[in-house]
Structure formats: structure tokens, C-alpha cells
Amino acid sequence: MGWPHPFSTATQRTAGEDCSSEDPPDGLGPSLAEQALRLKAVKLEKEVQDLTLRYQRAVADCENIRRRTQRCVEDAKIFGIQSFCKDLVEVADILEKTAKCFSEGAEPEDHKLTLEKVFQGLSLLEAKLKSVFTKHGLEKMTPIGDKYDPHEHELICHMPAGVGVQPGTVALVRQDGYKLHGRTIRLAQVEVAVESQRRL
């Protein structure tokens, strides 16, 4: 009666199969892209893990260095003056030997000899002490004649400038000052010369 449909089911199936076989890139495209993304994600995850590990190691190393440095600083505070103390022990030995001269109960006629020994001991003690100070960078300030400096001198009072003494300079030292490696650790107590006021 009527004309058969130009496209039968078989023909449609064949045509459909042909289409799918002719365009494989459309079917495979998304899966290749997904695989590439997955590979990239895995690579990035590995890099993140690697960087995290390196970061954790760096933090641990920094913490170890901080602890070691702190320990070194604490040791330096405790033992930093060890060499100075060893030298002072020698000074104490001399002082002890000198003091024994008085405690041995010398006869009255031996007082002169005892005093000579004490004087020798004190001279030796002073020389040794100066040597220890020099060795460790401790120096006594001798500011007489120097211009008054509030960073090095503690002003006790003023005194009239005498002959050969310039106003504003140190005229008398009441107590010696000391520097350690150039830094003032005790101010010298001084009297400073000023111009005497003339009476009108």
C-alpha cells in the first residue's frame, strides 16, 4: 500500500553504529582530559607532600638550632667568666699568703720583717691584679685633666680651677672608674674645675 519507509530500523542501527565508529575522538576526548587532570592532580599532591615534608624538616631544624643557641647562651652566662675567675684565684692565693704573715704571731723584733713581707705581698698582689685586668680587657680610667664627660664621670662637686687647671675639666678623682673592652662599667666619681667667681 504505502511505500516502505526509506530508513528501516536496521538501516538506522547501522547508521548509528557507523556514526559512533566514525567519531571516536568525541567519545574518548573527555576520558583523556580526565586522565590528564588526574595525573596532574596526583603530581601536585606529591609535590605538596614533598614541600610539606621539607617545611616540617626546616621547622624542626630551626627549633633545634634555637634550642642549641639558647643552651650556648645559658652556658656562656654561667661559664663566660671562668677564665677571669681562674686568674682571680691566683690573686686570692697571694692575698692569703700575705695575710698569714699577720696570723703567725711574730715576735716584736720581727715586726719589721713581717711588714716587709706584707709590703712585698701587697706589691705582688697589685701587680698580679693589674695583669689580670689587662688580660681581660678591664682598664682603670685616669681622667684627671680630661674634659668632664657624663658618660664616664659622676660629678660629685665643683671646685675652683687652680693654676694649670682648665675649667670644665676633671680636677680630682674620688673613686676610680673602669671600662671593660671600651665600655664604661663604673663611672669615675670626680670633682670638676670651674671658674672662680669674681667679687665685684
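This is a short group-meeting talk about the helices, strands, salt bridges and largest pocket of one predicted protein model.

Okay, hi everyone. Before anything else, please keep in mind that what you see above is a predicted model. I'll start with the overall layout and then zoom in.

So, what does the protein have in the way of helices and strands? There are four helices and six strands. If you walk along the chain from the N terminus, the order is α-α-α-α-β-β-β-β-β-β, so go ahead and trace that on the structure for yourselves. How much of the protein counts as buried? Of its 200 residues, 14% do.

Let's go to the helices and look at salt bridges. The general idea is that side chains of opposite charge can pair when their charged atoms come close. In this model the count comes to ten salt bridges. I'll take you through a few of them.

Have a look at helix α2, which covers residues 24–79. Glu34 and Arg38 both sit in α2, four residues apart, and that is about one turn of the helix. Their side chains form a salt bridge, with 3.7 Å between the closest N and O atoms. Are these two buried or exposed? Glu34 is partly exposed, at a relative accessible area of 42%. Arg38 has 54% relative accessibility, and the cut-off for exposed is over 50%, so Arg38 counts as exposed.

Stay in α2 and move along to Glu63 and Arg67. Here again we have two residues of the helix that are four apart, about one turn. Glu63 and Arg67 meet in a salt bridge as well, at 3.4 Å from N to O. Glu63 is partly exposed, with a relative accessible area of 27%, and Arg67 is partly exposed too, at 46%. There's a bit extra to this one: Glu63, Arg66 and Arg67 are linked in a network of salt bridges.

One more pair, and this time we jump to helix α4, residues 111–135. Lys130 forms a salt bridge with Glu126, and the closest N and O atoms are 3.8 Å apart. Why are Lys130 and Glu126 about one helical turn from each other? Because they are four residues apart in α4. Glu126 is partly exposed, at 48% relative accessibility. Hang on to those two names, please.

You'll want them for the largest pocket. Rolling a probe the size of a water molecule over the atoms shows where empty space is left. The largest pocket here has a volume of about 180 Å³. Which elements give two or more residues to its lining? Those are α4 and β1, residues 138–141. The largest share, five residues, comes from α4. And here are our two friends again: the lining includes Glu126 and Lys130, along with Leu129, Phe133 and Tyr178, among others. Sorted by class, the lining has four nonpolar residues, one polar and four charged.

Now over to the strands, and in particular β6, residues 188–194. This strand is mostly covered, with five of its seven residues buried. Which way do its partners run? β2, residues 153–160, pairs with β6 in the parallel sense, over seven bridges. If you want a spot to look at, His153 stands opposite Ala188 in β6. Then there's β3, residues 170–175, which pairs with β6 in the antiparallel sense, over four bridges. For that pairing, find Val173, which stands opposite Val190 in β6.

Two odds and ends before I stop. The first is about cysteines. How many disulfides does a search of the whole structure find? Zero. As for two of the cysteines, Cys72 is exposed, at 52% relative accessible area, while Cys85 is partly exposed, at 35%.

The second is about backbone angles. Most residues other than glycine have a negative phi. His181 is not a glycine, yet it has a positive phi of about 50°. Where is His181 found? In the loop between β4, residues 177–180, and β5, residues 183–186. His181 counts as exposed, at 64% relative accessibility.

That's my tour. If you look at one thing afterwards, try Glu126 and Lys130, which form a salt bridge and also help line the largest pocket. Thanks!

Note on methods
Residues numbered from 1 in each chain as written. Predicted model: local features only at pLDDT ≥ 70, side-chain atom pairs only at ≥ 80, totals over all residues. Heavy atoms only, no water. Salt bridge = Lys/Arg side-chain N within 4 Å of Asp/Glu carboxyl O. Buried < 20%, exposed > 50% of the residue type's maximum accessible area, 1.4 Å probe, protein only. Pairing = 2+ DSSP bridges. Disulfide = S-S within 2.5 Å. 1 Å grid on protein atoms, 1.4 Å probe; cavity = no way out; pocket = protein on both sides within 12 Å on 5 of 7 lines; lining within 4 Å. Points joined across faces, edges and corners; volume = space filled by probe spheres on them. Nonpolar A, V, L, I, M, F, W, Y, C, P; charged D, E, K, R; others polar.
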